[in-house]
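Student: I've got a structure to go through before lab meeting. Can you walk me through it?

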Amino acid sequence: MNHRNYQKELDRLLEQIVKEDQKKTLFLHCCCAPCSSYVLEYLSAYFDILLYFYNPNITEPEEYKKRKAELIRLVEENQYPHSVQLLDGDYDNQLFFEMAEGLEKEPECGRRCFRCYDMRLRKTAEMAVKEGADYFCTTLSISPHKNADKLMEIGETLAEEYGIAYLPSDFKKKNGYKRSIELSREYHLYRQNYCGCVYSKEAAQGREECK
């Protein structure tokens, strides 16, 4: 089976948006400021963006507040081509622990992570429809530790369920991850070395990239 090139799919879509010269809104789930930095720089040239910080997987409330504060600062310190509005999702880390029950021993990038993708993207799709957005998506695929194929699979399944288009994406492409590191340095962003949950924190050292 041929592997889909999500970047080429996105390139074609963006070309069409420019050609049609129509205003489009993207409801973008974000996990942190470093991952959002490149994606906002890239996509704000094409969309009005509703940036949705929804991450009940972050175990420690202080860590959650720190990441949210950095995201707010990033948005406030930038002038984007189109509007970028930050929306804060409800924070209830008990939702994550209920979702992860029975999967505590799963390795990183396994079934627990895929359920976490689904949990966050499902809420994103629900809110995107509520806000009347044209597309929804997540910044998660920029990380070399995230499975872009699985994110696309979940996103497109939810797109059918909720009746809203999922933006094809693998933001690691076009040196997206490298650019996010450069922007993190430029804006002196706090850059954590784990996804957010207690299990990812434990596995932060010596983990391998998802394949």
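Tutor: We'll go through cysteines, a helix pair, a strand pair and a few single residues. Keep in mind that this is a predicted model.

Student: Cysteines, then. How many disulfides does the structure hold?
Tutor: The count is 0. Cys 31 is in no disulfide, and its nearest cysteine sulfur, that of Cys 35, is 3.8 Å away. Cys 35 is in no disulfide either; for Cys 35 the nearest cysteine sulfur belongs to Cys 32, 3.6 Å away.

Student: Why don't those count as disulfides?
Tutor: Because a pair of cysteine sulfur atoms has to be within 2.5 Å to count. The sulfur of Cys 35 is 3.8 Å from that of Cys 31, and the sulfur of Cys 32 is 3.6 Å from that of Cys 35.

Student: Is Cys 31 buried or exposed? And Cys 35, buried or exposed?
Tutor: Cys 31 is buried, at 9% relative accessibility. Cys 35 is buried as well, with a relative accessible area of 14%.

Student: Cys 35 sits in helix 2. How many residues of that helix are buried?
Tutor: In helix 2, 10 of the 11 residues are buried, so the helix is mostly covered. Among them are Ala 33, Pro 34, Tyr 38, Val 39 and Leu 43.

Student: What covers them?
Tutor: The cover includes helix 1 (6–20), helix 3 (61–76) and helix 7. It also includes strand 1 (25–30), strand 2 (48–53) and strand 3 (84–88).

Student: Let's take helix 7. At what angle do the axes of helix 2 and helix 7 cross?
Tutor: They cross at roughly 110°, and the axes come within 8 Å. The helices are residues 33–43 and residues 176–186. That angle makes helix 2 roughly perpendicular to helix 7.

Student: Which residues make the contact?
Tutor: From helix 2, it's Pro 34, Ser 37, Tyr 38 and Glu 41. From helix 7, it's Gly 176, Arg 179, Ser 180, Leu 183 and Ser 184.

Student: How do those divide into nonpolar, polar and charged?
Tutor: There are 3 nonpolar, 4 polar and 2 charged residues in the contact.

Student: Switching to strand 2. How many of its residues are buried?
Tutor: 6 of the 6 are buried, so strand 2 is largely enclosed by the rest of the structure. Both faces are covered. Asp 48, Leu 50 and Tyr 52 lie on one side, with Ile 49, Leu 51 and Phe 53 on the other.

Student: Do strand 1 and strand 2 run parallel or antiparallel?
Tutor: Parallel, joined by 6 bridges. For example, His 29 has Tyr 52 of strand 2 as its bridge partner.

Student: New topic: backbone angles. What is phi of Lys 174?
Tutor: Phi of Lys 174 is near 55°. That's a positive value in a residue other than glycine. Most residues other than glycine have a negative phi. Asn 175 also has a positive phi, about 60°, and is not a glycine.

Student: Where is Lys 174? Where is Asn 175?
Tutor: Lys 174 is in the loop between strand 5 (165–166) and helix 7. Asn 175 is in the loop between strand 5 and helix 7 too. Lys 174 is exposed, with 51% relative accessible area, and Asn 175 is exposed at 54%.

Student: Last one. Where is Arg 111, and in which helix?
Tutor: Arg 111 is in helix 5 (residues 111–131). Leaving aside neighbours within four places in sequence, Arg 111 is in contact with Leu 103 and Glu 106. The C-alpha atoms of Arg 111 and Ala 100 are separated by 9.1 Å, and the two residues are 11 apart along the chain.

How values were computed: Residues numbered from 1 in each chain as written. Predicted model: local features only at pLDDT ≥ 70, side-chain atom pairs only at ≥ 80, totals over all residues. Heavy atoms only, no water. Buried < 20%, exposed > 50% of the residue type's maximum accessible area, 1.4 Å probe, protein only. Axes fitted to C-alpha atoms, helices over the stretch in contact; angles between N-to-C directions. Helix = DSSP H or I, 4+ residues; strand = E, 2+ residues; numbered from the N terminus. Parallel < 35°, antiparallel > 145°, perpendicular 65-115°, else oblique. Contact = heavy atoms within 4.5 Å. Nonpolar A, V, L, I, M, F, W, Y, C, P; charged D, E, K, R; others polar. Pairing = 2+ DSSP bridges.
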